[in-house]
Amino acid sequence: MSFHGELIGEHASIVETRRLIAKVARSSTRTVLLYGETGTGKGLVARMLHEQSARASGEFIDVNCAAIPVSLMESELFGYDRGAFTGAMVKKTGLIEAAHGGTMFLDEVRELDPVLQAKLLSLLDTQRFRRVGSVRSIEVDVRFIAATNKILLGEVRKGLFRDDLYYRLQVVSINIPALRERGEDVMVLTEHFMRTFSARYGRTVFRLEPAVIDLFARYSWPGNVRELSNLLERIFILEEGETIRIGHIPPRIVREARERGASPAPSDTAAPDRVEDLDQSFAQATDAFQRDLIRDALERSGGNRVRAGQLLGLTRHALRHQMVRLGLVD
Ligand SMILES: Nc1ncnc2c1ncn2[C@@H]1O[C@H](COP(=O)(O)OP(=O)(O)OP(=O)(O)O)[C@@H](O)[C@H]1O
Ligand SMILES: [Mg+2]
């Protein structure tokens with residue numbers, strides 16, 4: 001595979017996505033619509049589509065429709081001829097011409113200005129376009145991959161996205177499933193990233209505390225694979241030891257996962273329903289609270305434990321002791 005990486009995962013839905021990518025890449029289609037929540041790998045899939053296609057030797061041009069100001073977008077994409085407007089002293093080749101023979105990735109396509117949506121549609125239909133201010137039309141051979149993290153049909157109904165362009169784009173579409181729908185893939189990807197970061201940071205982390213495995217399975221991962229990867233990288237950078245512990249996970253994530261229903265694991269703070277359970281739950285809730293306090297103090301002190309101890313009214317030794325007890329360090 002390419003050096004950009006591969007789409008890791010064993011869940012049936014992602015296996016199907018990979019199969020579709022291979023098929024679409026080799027096809028002659030000039031448009032592909034990618035749909036997936038943020039962090040599911042749309043950028044990665046767009047590159048895979050290019051690299052597995054007959055266009056691989058051509059350019060892959062990545063355009064984020066949300067990042068370029070509307071006023072510049074037209075000339076960025078279509079270019080202009082000398083004298084097209086005041087200040088156009090020389091001609092400018094647009095990105096579409098630069099992508100000739102290759103692929104153009106239109107990320108966040110729903111942000112594309114309505115005027116440009118119309119120009120794009122005409123280009124898709126005729127494979128010809130005009131530079132801004134030019135009478136001459138130019139023929140190009142480009143595959144357009146458009147990506148969105150919102151269901152475009154909703155935008156179409158609200159009148160924000162042209163329906164004719166939508167129907168043109170969605171002829172060949174690929175859905176990338178959210179991480180929370182992919183069961184064991186959370187662990188498959190965790191292992192993948194632990195290997196990657198072990199190599200990158202020259203230290204081996206290869207175990208997860210059972211409570212962390214349980215938490216990863218229940219958390220909703222709104223930022224999908226990017227969120228998982230960022231979380232693990234942060235732990236590689238900031239924490240020590242060979243094991244990822246519950247204390248390494250930001251309280252926000254722990255709380256959300258706990259709120260998401262009963263856990264098969266015992267390490268949970270669900271409301272106790274018997275008095276005998278109270279002791280245990282009280283201790284766990286107190287520990288969770290103390291972990292939050294210590295993490296916050298460490299954050300505010302930029303990781304300086306003496307400062308963090310002062311904020312909490314603890315000696316450095318006492319803080320260290322609590323951190324070990326709470327699993328915040330080994
Ligand atoms: N299945 C996967 N296997 C390996 N790496 C993945 C996978 N999915 C995503 N990634 C990695 O996660 C990160 C986020 O993916 P990417 O940037 O492609 O997401 P995206 O869908 O484009 O998100 P956004 O909508 O926020 O732009 C990238 O570093 C990507 O390589
Ligand atoms: Mg992206």
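This is a guided tour of a predicted model of one protein chain, moving from the whole chain to a few places worth selecting.

**The whole chain**

Begin with the full protein chain in view, where 14 helices and 11 strands can be picked out. Along its principal axes the C-alpha trace spans about 80 × 45 × 40 Å, and the radius of gyration of the chain is 26 Å, whereas a compact globule of 330 residues would have one near 20 Å. Buried residues make up 28% of the 330 residues. If you count the contacts with a separation of 6 or more, 74% of them are between residues 24 or more positions apart, and the next stops include a pair of that kind.

**Strand S8**

Select residues 143–148, which form strand S8, and show their surroundings; 6 of the 6 residues are buried, so the strand is largely enclosed by the rest of the structure. Turning the view shows that both faces of S8 are covered, with Arg143, Ile145 and Ala147 buried on one side and Phe144, Ala146 and Thr148 buried on the other.

Now add strand S5, residues 103–107, which pairs with S8 in the parallel sense over 4 bridges; within this pairing, Thr103 stands opposite Arg143.

**Strand S1 and its two partners**

Next add strand S1, residues 31–35, which runs parallel to S8 and is joined to it by 5 bridges. To follow this pairing residue by residue, look for Val32 opposite Ile145, and then for Tyr35, whose bridge partner in S8 is Thr148.

Strand S1 also runs parallel to strand S9, residues 173–175, with 3 bridges joining the two. Tyr35 is again a useful marker here, since in S9 it stands opposite Asn175.

**Leu34**

Staying in strand S1, select Leu34. Is Leu34 buried or exposed? Leu34 has 28 other C-beta atoms within 10 Å, and because the cut-off for a buried residue is 20 or more, it counts as buried.

Which residues does Leu34 touch, once its neighbours within four places in sequence are left aside? They are Lys42, Val45, Ala46, Ile145, Ala147, Ile174 and Ile176, and of these Ile145 and Ala147 belong to the S8 side you saw earlier. With Ile176, label both C-alpha atoms: the two residues are 142 residues apart in sequence, yet 7.4 Å apart in space.

**Two nonpolar cores**

In soluble globular proteins, nonpolar side chains tend to be buried together. Here the largest nonpolar core has 37 residues, and Leu34, Val45, Leu49, Met104, Leu106, Ile145 and Ala146 are the members that touch the most others. Apart from it lies another core, of 22 residues, among them Phe193, Tyr219, Ile249 and Ala257, and it is worth colouring the two separately.

**Helix H9**

For the last stop, select helix H9, residues 210–218, and highlight its buried residues, which are Ala211, Val212, Leu215, Phe216 and Arg218. They cover an arc of only 165° around the axis, which puts them on the same side of H9. An α-helix has 3.6 residues a turn, so residues three or four places apart point the same way.

What covers the buried residues of H9? Show helix H8 (185–201), strand S10 (207–208), strand S11 (243–244) and helix H11 (251–259), which are included in that cover.

Notes:
Residues numbered from 1 in each chain as written. Chains lettered and ligands numbered in written order. Predicted model: local features only at pLDDT ≥ 70, side-chain atom pairs only at ≥ 80, totals over all residues. Rg over C-alpha atoms; globule rule 2.2 N^0.38 Å. Buried ≥ 20, exposed ≤ 12 C-beta atoms within 10 Å, placed from the backbone. Contact = placed C-beta atoms within 7 Å. Pairing = 2+ DSSP bridges. Core = buried A, V, L, I, M, F, W, Y, C linked by C-beta atoms within 7 Å. Arc of directions from axis to C-beta.
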